[in-house]
Amino acid sequence: MSEFIQIHALTVYPPGNLNRDDLGRPKTAIFGGAQRLRVSSQSLKRAWRTSAIFSETLAGSVGKRTKDIGNYVYQKLIEQGVGDAEADQHAKKIAGEFGKLKAAKDGEGKKPSKGSKEVKGLSPEGRQIEQLAHIGAAELVMLDTLIERIAAGSAPTDAECAALLSNAHGSADIALFGRMLAAKPERNVDAAVQVAHAITVHKVTVEDDYFTAVDDLNDGSEDAGAAHIGTTEFGSGVFYHYICIDRTLLEDNLGGNRELASLARRGLIEACAKVAPSGKQNSFATRARAVYMLAERGQEQPRNLAMAFLKPIGGDDLLRSAIEALEESRDRMDKVYGPCASERRSFNVASGQGSLQDILDFVGK
């Protein structure tokens, strides 16, 4: 039976635009009949996965997501003295193991890679694959080793190319967030982590910011107007985050490596507490850390506690009210269903109780 670790967190974000829609507005959602600000799970996972905290905690165990693996191989071969046509051939063969190659017309594409010559019929787009491929840390090492062998004059065999997607066990990011390869379904990995969209616990109104930019060399003698005029939209609020980690599946994805699984959980939760998406940070400096976090462990069926905020929180102290609503919903769920977790830990910045270190030790043990 699986053991689950659940994280419920509250983070206060000041005015900002962390996650934009196709019109540049902050993403929103209707919940409980009221508009809420929303930060998508995809945005959160990327911010955490690419953070310094995650990378440093899991150094050597983080892979890459890319569609450009063929051009990576091509450029490495060019740098080691392999000719354009030969490098292109090997790059396409290897890229084809990670996904279906994009169709490219002769002569189309970006400028040739640095150090290479422009050769008719060779296109960078032709070395790309159609779908993002998540390549594990150990698989990247295997790839670099194969590139060195090719540069030394040894043509890669079909078996060597096929083996490039054979070792995802050493990659914590793949173990956590999964991998889906349409062209290689046998290499897919089920994600051990589920991340909910973060939403505000209260209703919100998206606001407009009118701004201007001034030309520093304009002395105003002829034209005192602005050099640029624009608008941007923003919002603020207390956000509820929910994460569910299948600890058993995580360890399975890592080939039974409990030490790496522990580091993966710690790295993810520390990033969740400290790292915000990077959207519009230069304009708003929306840097924030979780002000409340509840961690739960157990074999019981997981449950999101967003129901605590189905009725939008109101009043003069949104944070305190949100914490009370979350804990009351947890207790009522326990009363109806029985204990929904075997163990719990929490911290509360507002009251000064608990610590992030306690949480990390708890989820990592």
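Visitor: What share of the contacts in the protein with a separation of 6 or more comes from residues 24 or more positions apart?

Guide: This is a predicted model, in which local features need pLDDT of at least 70, side-chain atom pairs count only at pLDDT 80 or more, and totals for chains, interfaces and linings use all residues. Residues are numbered from 1 along each chain as its sequence is written, and side-chain values use heavy atoms, with hydrogens and water left out. A contact means heavy atoms within 4.5 Å. Among contacts in the protein with a separation of 6 or more, the share from residues 24 or more positions apart is 75%.

Visitor: How many helices and strands are there in the protein?

Guide: Helices (H or I, at least four residues) and strands (E, at least two) are DSSP runs, numbered from the N terminus. By this definition the protein has 12 helices and 11 strands.

Visitor: What percentage of the residues in the protein is buried?

Guide: A residue is buried when its relative accessible area is under 20%, exposed when over 50%, and partly exposed in between, with a 1.4 Å probe and protein chains only. The protein has 365 residues, and the buried portion is 47%.

Visitor: Why is E10 described as largely enclosed by the rest of the structure?

Guide: Strand E10 covers residues 290–298. E10 is largely enclosed by the rest of the structure because the number of its 9 residues that are buried is 9.

Visitor: Which residue in E10 is the bridge partner of Ile7?

Guide: Two strands pair if DSSP finds at least two bridges between them. E1 (4–16) and E10 run antiparallel, joined by 8 bridges. Within this pairing, the partner of Ile7 in E10 is Ala295.

Visitor: Which residue in E11 is the bridge partner of Leu294?

Guide: E10 is also joined to E11 (343–348). These two strands run antiparallel, with 6 bridges. Opposite Leu294, the bridge partner in E11 is Ser346.

Visitor: Which elements do the buried residues of H12 pack against?

Guide: Helix H12 spans residues 356–364, and its buried residues include Leu356, Ile359 and Phe362. The buried residues of H12 pack against strand E1, helix H9 (258–274), strand E10 and strand E11.

Visitor: Which residue in the turn between E2 and E3 has a positive phi?

Guide: Strands E2 (residues 28–31) and E3 (residues 34–39) run antiparallel, joined by 4 bridges. They form a hairpin with 2 residues between them. In that turn, the residue with a positive phi, of about 65°, is Gly32.
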